[in-house]
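Okay, everyone, thanks for coming. Let me put my structure up on the screen, and then I'll walk you through it.

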Amino acid sequence: MYRARARSLDDNFAAVATADSAGALVSISGRPRVLVVGSTPGRLDAVFAPPFEVRHLGPQAMPRSPAGLRTYDAVVLDDAGEESLDPEQISALAEHVETRGAGLFVLASPRTLDAAVFPDTGLGKLLPVDVRRRAGVPT
């Protein structure tokens, strides 16, 4: 059984008292299956050591239908951004996450997750953050 919670933080990363919160509880029976999509196989092996069953695929080989993803409890995008996935793959991933409740873990760099990822389209609609630049000066 896995539990995830999200809460609001201020600019200093301190918890903010708010009525807005989100959470999820996922129950997986058997050995969890994880699909790692990225160009460096084995890079995350230490993270997903047993009890996870892990399969590595390059971005071009990621399934293009929800049926092709249905055996995976979670998908990890390991520095595989929107430019390396086609619209069918992104649509399949969106349906797998939103409808089936599969987990999505995104490891990215400025090259794969930048201000070009809009929060209401493609991969951006699956992310819990808005990565577009903001006006102002970072502190």
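Let's start with Leu127, which sits in the segment after S6. Keep in mind that this is a predicted model. Is Leu127 buried or exposed? Leu127 counts as buried, because its relative accessibility is 14% and the cut-off for buried is under 20%. You can also look across from Leu127 to Leu104: the two are 23 residues apart along the chain, and their C-alpha atoms are separated by 8.7 Å.

Okay, on to S6 and its partner. S5 and S6 pair in the parallel sense, over five bridges. If you want one bridge to find on the screen, take Ala74, whose partner in S6 is Gly103. Now add the helix: S5, H2 and S6 together make a right-handed β-α-β unit.

So what does that helix look like? H2 runs over residues 87-100, which gives it 14 residues. From first C-alpha to last, H2 reaches 19 Å, close to the 20 Å you'd expect at 1.5 Å a residue.

Which residues of H2 are buried? They are Gln89, Ile90, Ala92, Leu93, Ala94, His96 and Val97. Here's a handy bit of background: an α-helix has 3.6 residues a turn, so residues three or four places apart point the same way. Back on our model, the buried residues of H2 pack against helix H1 (66-69), strand S5 (74-78) and strand S6 (103-107).

Now the two ends of H2. At the N-terminal end, Asp86 acts as a cap, with a side-chain oxygen 3.0 Å from the backbone nitrogen of Glu88. Just after H2, Gly101 takes a positive phi of about 85°.

While we're on phi, most residues other than glycine have a negative one. Asp79 is a residue other than glycine with a positive phi, near 60°. You'll find Asp79 in the loop between S5 and H2, and at 23% relative accessibility it counts as partly exposed.

Last topic: charges. Side chains of opposite charge can pair when their charged atoms come close. How many salt bridges does a search of the whole structure find? It finds three.

We've already met Asp86, the cap on H2. Asp86 also forms a salt bridge with Arg64, where the closest N and O atoms are 2.6 Å apart. That pair links distant parts of the chain, with Arg64 in the loop between S4 and H1 and Asp86 in the loop between S5 and H2, 22 residues apart. Both ends are partly exposed: Arg64 is at 40% relative accessibility, and Asp86 is at 22%.

Next up is Asp73 with Arg100, whose closest N and O atoms are 4.0 Å apart. This pair also links distant parts of the chain: Asp73 is in the loop between H1 and S5, and Arg100 is in helix H2, 27 residues apart. Arg100 is partly exposed, with a relative accessible area of 42%.

And then there's Glu53 with Arg33, which meet at 3.1 Å, N to O. Glu53 is in strand S4 (residues 53-57) and Arg33 is in strand S3 (residues 33-38), so this salt bridge ties together parts that are 20 residues apart in sequence. Glu53 is partly exposed, at 33%, and Arg33 is partly exposed too, at 24%.

That's my tour, so feel free to ask anything.

Terms used: Residues numbered from 1 in each chain as written. Predicted model: local features only at pLDDT ≥ 70, side-chain atom pairs only at ≥ 80, totals over all residues. Heavy atoms only, no water. Helix = DSSP H or I, 4+ residues; strand = E, 2+ residues; numbered from the N terminus. Expected span 1.5 Å × (residues − 1). Buried < 20%, exposed > 50% of the residue type's maximum accessible area, 1.4 Å probe, protein only. Contact = heavy atoms within 4.5 Å. Polar contact = N/O pair within 3.5 Å; in protein donor to acceptor, adjacent residues only side chain to side chain. Salt bridge = Lys/Arg side-chain N within 4 Å of Asp/Glu carboxyl O. Pairing = 2+ DSSP bridges. Right-handed = clockwise from strand over helix to strand, strands pointing away.
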